[in-house]
Amino acid sequence: MQIRQLFNWADKYRKAKPSTKERKAFDSFLDDLAKLGKDPNPIDLEKSKTRVWENLKKESQNERSVRQLIPVLRKVAAIFLLFSMLGLLIYHTMDKVEQPILLVKNTGEGMRSMVTLVDGSTVRLNENSKLEYPKDFADDNRVVYLTGEAFFKVTPNTNKPFKVVMDSSEITVLGTSFNINTHKNTEVTVASGRVKVQDKISNKDVVLDQGQQALLRASEIQVKEVNPDYYIGWHTRKLEFEEESIASVFSILERAYGVNIELIMPDGDIDCAITGAYSGERIETILLGFRHILDFSYQTDIETKTIIINMNKCK
């Protein structure tokens, strides 16, 4: 339904020479409709009709009988109904036109994938994740939608901020690299640059710099300093440990290699610190290297992607 046609109908109604009160009610409704903009709310439309109706009714009571007023009110009510339907039709039509078509990339168990966006930005999807993105970005922003985990490397563009939207949060950047994990609580880790993280429920937000991480839990945002390599190792496979505890190291390996690690410790505490650097190594190779400093045995379950480690002592 075209807006021009709406005004043509309005012009025809005026040329029919309605009564003064009919014209006044009609013009008042048009004024209210214009104030509502292109996205009229049904509740606002109803309030507008009620307000104009009451004003017309008060004025008419002083000059006409109820019998004379009924035809006028019927005409005005018909006009209100017509324009209410037109407003809702225009709203739904324009809303559909403005929504961009989104492309979808999914990864299953054990799968990883890389997506290059139209602006040159790249997104590396970890397993069990989904990315929704438009074929072409809007003129003033770049918006994508994420479920799961992904590493973003965003092409700088100060005129078109890049936004990643999740279920309960969103982040905005200009040009940077960062990791997002939404499998449990939303976790944002900045590898370079700066990002703004916002919780959509509480409207709280924080700005993160390189080496900072935000954890969103129950509408609260917790920020801490981290080594980004530990959280992006799942796609770089570059890990560096500097005096890290045993529990911390195996937790990092679990995340980087997408496996479950069950660490069984002896009764006494083991106070070992691990230092080392690994790049592109298989996890089996890393475990064999650990045997130079740790006394342990392990078993693997391929079906459940689980490694059970029985720790004995430090060497």
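## Close-up views of a predicted model

**View 1. Four bridges join β7 to strand β8 (residues 169-173), and the two run antiparallel.** As everywhere in these views, we're looking at a predicted model. The turn from β7 to β8 is a hairpin with three residues making the connection. Look for lysine 163, whose bridge partner in β8 is threonine 172. Now turn to the pairing of β7 with β5: strand β5 (residues 142-147) and strand β7 (residues 162-165) go together in the parallel sense, again over four bridges. Lysine 163 shows up here too, as the β7 bridge partner of valine 143.

**View 2. Lysine 163 has a salt bridge with glutamate 170.** Their closest N and O atoms sit 3.5 Å apart. Buried or exposed: which word fits glutamate 170? Glutamate 170 counts as buried, because its relative accessibility is 14% and the cut-off for buried is under 20%. Lysine 163, on the other hand, comes out as partly exposed at 28%.

**View 3. Arginine 255 makes salt bridges with glutamate 149 and with glutamate 187.** For the glutamate 149 pair, the closest N and O atoms are 3.1 Å apart. That contact links distant parts of the chain, with arginine 255 in helix α6 (residues 246-257) and glutamate 149 in strand β6 (residues 149-153), 106 residues apart. Glutamate 149 is buried, with just 5% relative accessibility to its name. For the glutamate 187 pair, the closest N and O atoms are 2.6 Å apart. Glutamate 187 belongs to strand β10 (residues 186-192) and arginine 255 to helix α6, so this salt bridge ties together parts that lie 68 residues apart in sequence. Glutamate 187 is buried as well, at a relative accessible area of 11%.

**View 4. Glu109, Glu127 and Lys305 are joined into one network by salt bridges that share partners.** How many salt bridges does a search of the whole structure find? The search turns up nine.

**View 5. Strands β11 and β12 make a hairpin with five residues between them.** Strand β11 (residues 194-199) and strand β12 (residues 205-209) run antiparallel, and five bridges hold the pairing. Valine 195 is one place to see it, with leucine 208 as its bridge partner in β12. In the hairpin, asparagine 203 is the residue to click on: its phi is positive, near 65°.

**View 6. The loop between β13 (212-217) and β14 (220-225) includes alanine 218, and serine 219 lies in that loop too.** Most residues other than glycine have a negative phi. Alanine 218 goes the other way, with a positive phi near 55°. Serine 219 also has a positive phi, near 65°. What sort of cover does each residue have? Alanine 218 is exposed, at 72% relative accessibility, while serine 219 is partly exposed, at 23%.

**View 7. Helix α5 (residues 229-236) has Tyr230, Tyr231, Ile232, Gly233 and Trp234 as its buried residues.** Follow the chain just past α5 and you land on arginine 237, which takes a positive phi of about 55°.

**View 8. Asp229, Glu240, Glu242 and Glu243 form a negative surface patch.** Which strand gives the most to the patch? That's strand β15 (residues 238-245), with three residues. Glutamate 243 is in strand β15. Glutamate 243 counts as exposed because its relative accessible area is 55%, and the cut-off for exposed is over 50%.

**View 9. Threonine 300 sits in strand β18 (residues 294-301).** Threonine 300 is partly exposed, with a relative accessibility of 49%. Have a look at isoleucine 261 as well: the C-alpha atoms of the two residues are separated by 9.3 Å, although threonine 300 and isoleucine 261 are 39 residues apart along the chain.

Technical notes: Residues numbered from 1 in each chain as written. Predicted model: local features only at pLDDT ≥ 70, side-chain atom pairs only at ≥ 80, totals over all residues. Heavy atoms only, no water. Patch = residues over 30% accessible without salt bridge, like charges linked within 9 Å, V, L, I, M, F, W, Y side chains within 5 Å. Areas by Shrake-Rupley, 256 points an atom, 1.4 Å probe, with all protein chains shown as cover. Salt bridge = Lys/Arg side-chain N within 4 Å of Asp/Glu carboxyl O. Lys, Arg positive; Asp, Glu negative; His and termini not counted. Charge placed at Lys NZ, Arg CZ, Asp CG, Glu CD. Buried < 20%, exposed > 50% of the residue type's maximum accessible area, 1.4 Å probe, protein only. Pairing = 2+ DSSP bridges.
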